[in-house]
Every structure is written in C-alpha cells, then in structure tokens.
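Me: I have a new model open and don't know my way around it yet. Can you walk me through a couple of spots?

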Amino acid sequence: MRQIVVSMLAPPLRSRRPQEPDAQETSARGMTVLTTPSLNKGTAFTLEERDALGLTGLLPPVISTLESQAASAFTQYTRLPDAISKNLYLTALHDRNEVLFYRLLSAHLREMIPIVNDRTVGMAMEQYHHECRRPRGVYLSIDHAGSIEEAFGNFQAGPTDIDLILATDAERIFGIGDWGVGGIEVAIGKLAIYTAAGGIDPARVMPVMLDVGTNRESLLANPMYPGNRHRRVVGERYDDFIDTYVRTATRLFPNAILQWEDFGPGNGHRILQKYCGEIRTFNDDFQGTGAVTLAALVSAMRTCGSLLEKQKVVVFGAGVVGIGIADMLRDVMTQAGLTAEEATQRFWCIDTHGLLTSDMGDKLLDYQAGYARPATEVRGWRSQTSGVDDVIGLAEVVRQIRPTILIGASGHAGAFTESIIRSMARHTEQPIVFPLSSPAPFAEATPADLIAWTDGRALIATGSEYLPVTWKGITHVIGEAKNAMLYPGLGLGTIVSGARLISVNMLAAAANALSSLVAVRIPGASLLPHIEDLRSVAATVAVAVAEAASADGLAAKRLDDVVRQVENAMWQPEYRHIQAT
C-alpha cells in the first residue's frame with residue numbers, strides 16, 4: 001500500500017516559462033558546441049541547427065527526440081552493476097549533455113537521489129578522487145583569501161544571475177567524513193536535486209568549495225591531492241575566511257541564497273547562528289533535517305489530536321542532526337506561545353557521554369550547551385554503568401521522564417531496545433518513535449519491531465526506506481524522512497518571493513505543506529508523502545514558503561498569483577532551439 005502525493009497546485013506545470021526566449025544564441029561552432037553541456041543536444045540537433053552550427057558530419061544522420069534519448073539513457077543506467085557505476089555514468093552525462101541529464105534525473109528522482117547525493121557520492125569520491133573531471137563551481141582557498149572576489153569574477157556571472165550558492169568545507173561528508181577539496185562533488189550533487197526537483201535553473205546556481213585544508217592523512221600524503229595540503233585551519237583565521245566569503249558573495253550576488261553543506265557540527269552551528277538574522281541563508285544538515293522531522297511530527301500531532309508544545313522529547317544522538325532537530329522543534333514551540341526556557345525544558349538530549357547535563361565540563365560541546373539539564377535535576381538517577389565514567393543512558397531517561405516522542409540520530413544500531421520501547425509505550429497511548437539514522441543497518445530500531453513492541457500503536461518515521469508492515473489487519477506505511485522532500489521547495493519559494501531571510505515561519509510552512517500531503521486519518525497512514533512526483537511536492541512547498549515570507553514581511557517581490565508565479569519560475573529540462581550568431 002502506497003499513498004499518492006497529490007499536488008496542491010491547481011494548474012499543470014507548463015513546459016516552458018512564458019518569458020523564456022525560444023532560442024539560445026551562441027557563437028560556438030563544431031566540436032565546441034558538442035563539448036559544451038549547456039548547448040549539446042547530441043543526435044537531437046535539427047538539420048537546420050547542424051548546418052548553422054557546423055555539425056554536419058559530426059553526428060549520425062538520424063535525428064532523435066529528447067524522449068528517445070532519455071529512454072536510451074535510462075536503459076544504459078539500469079544495466080550498470082552497482083551504485084558507484086551509476087554515479088559515474090550520471091556524472092559523465094551531466095558533463096556531456098545538461099538537459100538530458102536533468103530530464104533523466106527528473107523522471108527518476110526517487111531512484112536516483114541516493115545515486116547523485118548521499119553516501120554514493122562519498123564512496124565515488126573515495127575510489128575515484130584521483131580522476132580529473134570537468135570543473136564546476138568555484139574553489140576558494142583560505143591560503144589565498146584575498147582572491148575570493150577575483151575567483152567569483154572568473155565565474156562570469158552578473159549581480160542578478162545567481163539565485164543559489166551552495167558552499168561546503170567538506171569536513172563532515174556523509175559516510176566518509178573529511179574529504180577535503182573533493183567535497184565539491186557533494187555540492188554539485190545537491191544542486192542537481194534542486195534543479196531536478198525544484199526547477200531551479202542550473203545556470204543560476206553555483207557550487208563553492210571552501211578549502212581550509214584537510215585532516216585526512218591519506219590526502220595529505222597523496223602527491224596527486226589537488227587541495228591545500230595542510231591540516232584544517234581553525235579559530236579566528238577560519239572565521240575571518242568565512243566572513244570574507246559571506247561579505248563578498250552577498251555583495252556580488254545580492255539575490256542569492258547562501259547554503260551551507262557538510263560542515264563540522266561546531267562550525268556549522270556557529271556559522272548559521274551568526275548569519276541567519278542578516279542574510280538569506282540555510283543549513284540543510286540543521287534546518288532541513290529539522291523541518292522534515294517537524295513535518296512528520298505535525299502529521300503525528302494530527303493523528304493523535306495533540307499539540308507539539310505539550311510533548312516530552314528525547315533526542316538520542318546530540319550531534320549535528322539531533323541538535324538541528326531539537327532547534328527546529330524548540331523554535332516552533334516558542335512561536336506557539338512557550339517562552340524559550342519553557343520550550344527548551346521539553347527536551348532531553350543524549351550523546352555518547354549520556355544525558356547532557358550542566359556538570360559535564362568540556363564534554364559538553366558549545367552547540368549542545370543550551371540543552372544541558374541542571375545537574376541537580378538528575379541527582380539520584382541511576383547511571384548506565386558503574387565507575388568514574390558513569391553516564392545516564394537512554395533507558396534511565398525514558399524511565400524517569402516518560403517521553404511521548406523519541407528521536408534517534410545516533411547511528412547506533414538497535415539502540416531502541418524492546419525494553420525501552422515497551423517502557424515508553426506503557427505511559428503514552430501513541431508513542432512517537434523516529435529512528436532516523438541511515439542507512440538502514442545503522443537505524444536505532446526497525447519499524448516491524450516498533451509496531452510489534454507497541455501492539456501497533458507507534459507512530460513511526462525513519463531515515464531509510466522500509467516496506468509497509470501489517471499488524472493485526474492494519475497495514476502501516478512507513479514515512480521516510482528525506483530532506484529532498486523539503487529543500488528544493490524551500491529554495492524555490494525563497495527565490496520566488498525574494499525573501500531577504502529564511503525565517504522559522506518559512507521552515508514551519510514548508511513542514512506543514514509536506515504534512516498536508518498525507519491523509520493521516522487512514523489507519524496505518526504514512527506520516528510523510530512518498531517521493532513519487534517530487535516536482536509537485538516541491539511546488540506545493542514553494543507556494544507555502546513564499547506565502548510565509550510575505551506574511552513575515554520578508555518578501556521583496558509582489559505575490560499577485562503565487563501558484564502561477566511558482567509554476568512559471570520552474571525551469572524545465574527541455575531542448576531549446578540553438579541559434580548561431
């Protein structure tokens with residue numbers, strides 16, 4: 001049983017924006033046309049185009065359609081033996097024919113998102129980092145911070161030409177950790193999803209690598225490594241470099257969203273807190289994950305008829321993901337009427353040292369400190385172990401506080417044991433349990449176990465895809481918390497509205513829009529939509545985000561017909577006529 005996502009957009013998406021010219025002009029000729037991804041159509045060039053562009057004899061005589069090319073490309077893709085091979089194939093296609101790449105990706109998003117993003121990119125980078133690939137984006141070095149403006153200038157984009165800049169320092173790439181300058185591949189993959197799902201014009205985005213060095217010994221010792229061969233710069237010099245980047249980027253491209261990707265948790269949190277009230281900026285690791293989790297919780301609240309601000313939340317795994325989720329939920333609780341202190345008191349966060357408490361000293365990281373429980377509050381609680389390194393573990397926290405929501409972001413497989421879940425279920429009618437760690441072998445629990453241990457009462461969202469679970473005649477569809485359901489629409493809505501900031505209301509609106517796409521009154525219904533038509537999901541989210549920006553007084557553009565404006569803003573992967581000049 002699979003729920004159907006129904007777009008909230010009334011009119012169908014158009015094949016091309018009305019204001020878009022019918023022709024793309026170029027002075028390039030011959031092989032230069034065929035080796036320029038944004039121009040190349042392969043065998044789909046018409047006879048007229050072939051003659052005008054000097055392509056006669058450089059292509060087979062049969063003229064193809066984009067549809068037939070996409071079908072052929074997908075056939076080749078499906079014949080490849082593993083995820084890495086598929087990643088390399090899509091990378092090569094992206095470097096050869098941009099429109100065909102996006103047409104293929106848009107048509108198969110659910111299958112291909114893990115191939116162009118997530119762990120597959122990391123594995124490909126590990127095995128193929130020595131290969132020379134077509135340069136994309138801008139590389140900024142901390143050793144040459146004075147050249148940032150020159151580097152941006154060489155990208156040859158004007159002040160109004162860029163809508164989104166996605167930057168990484170590649171300290172914490174999913175699945176492999178620090179991979180230095182190769183981390184730009186992650187930025188490229190994520191921007192591809194923005195285009196395929198959110199319709200953001202690929203000519204109006206920019207991946208940026210902030211090269212501050214690497215701590216990976218194998219890269220430092222590799223004579224072929226093309227990045228800065230020194231350890232990561234930290235402290236004041238790092239912060240000054242980031243600030244120079246921000247000031248230069250916002251001055252040169254004043255309309256662009258600045259997104260941060262795969263930063264270490266300390267740096268990522270500090271950077272976001274510094275700039276979120278000044279510029280339109282977004283960190284998917286913190287805010288995207290938090291907003292998708294919020295969407296699942298909104299659905300859960302609709303199911304059980306309760307309010308989020310009344311819940312007791314345990315977050316198991318107080319790293320970048322866990323604290324990002326807590327921050328998002330806390331901000332929404334505050335907007336619902338709680339004070340910041342009251343909202344914070346609804347959370348109990350646990351990391352490798354146990355429950356965060358005020359007496360943990362240097363074990364308590366700066367971005368965790370706000371969630372530390374007073375040491376006096378937990379005096380007398382049983383420790384998980386005996387000895388000098390006693391920690392207050394998950395089982396004791398659940399026993400003491402009787403949570404209604406349990407979120408896993410630890411990567412600790414099986415951490416949500418039967419005894420812990422049964423203890424939680426004894427005190428709440430519908431325990432909300434989200435084992436979000438991925439891939440599936442790292443999940444804190446499986447949906448089948450959670451449903452069995454709660455006699456079918458648990459409300460579940462996961463970080464990986466699972467098959468439905470049938471229990472006592474009810475089929476439970478498991479919602480997968482994928483950030484790709486949210487950030488393309490968030491970016492699109494921000495661009496359409498011209499919002500000067502990305503506010504909590506805009507993130508909450510995105511979450512509510514996602515939740516609105518599921519019918520929670522059906523027994524066993526998923527808490528999140530499935531990725532069947534992600535472009536429609538992105539459009540629905542974008543409308544809600546743009547409207548929230550307007551309500552917050554952040555929109556710089558007039559929204560007369562926001563549905564139509566979102567529709568018209570979505571770039572379509574279709575060939576345009578190439579006009580020789």
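Reply: One term before we start: two strands pair if DSSP finds at least two bridges between them. Also, this is a predicted model.

Me: OK, then what does Leu 406 stand opposite in strand 11?

Reply: Leu 406 faces Val 433 there. Strand 11 covers residues 432-435, and 4 bridges join strand 10 to strand 11. The two run parallel.

Me: Which strand pairs with strand 10 over 4 bridges in the parallel sense, besides that one?

Reply: Strand 7, residues 313-316, does. In that pairing, Val 315 has Ile 407 of strand 10 as its bridge partner.

Me: Are the faces of strand 10 covered or open?

Reply: Both faces are covered. Strand 10 spans residues 405-408, with Ile 405 and Ile 407 buried on one side and Leu 406 and Gly 408 buried on the other.

Me: Why do the residues split between sides like that?

Reply: In a regular strand, side chains alternate between the two faces of the sheet.

Me: What unit do strand 10, helix 17 and strand 11 make?

Reply: A right-handed β-α-β unit, with helix 17 at residues 418-425.

Me: Switching topic. Where is Leu 191 found?

Reply: In helix 9, which is residues 184-198.

Me: Buried or exposed?

Reply: Buried, because its relative accessibility is 3% and the cut-off for buried is under 20%.

Me: What is Leu 191 in contact with, leaving aside neighbours within four places in sequence?

Reply: Leu 164, Leu 166, Val 205, Met 206 and Pro 207.

Me: And how far apart are Leu 191 and Trp 381?

Reply: They are 190 residues apart in sequence and 47 Å apart in space, C-alpha to C-alpha.

Definitions and conventions. Residues numbered from 1 in each chain as written. Predicted model: local features only at pLDDT ≥ 70, side-chain atom pairs only at ≥ 80, totals over all residues. Heavy atoms only, no water. Buried < 20%, exposed > 50% of the residue type's maximum accessible area, 1.4 Å probe, protein only. Right-handed = clockwise from strand over helix to strand, strands pointing away. Contact = heavy atoms within 4.5 Å.
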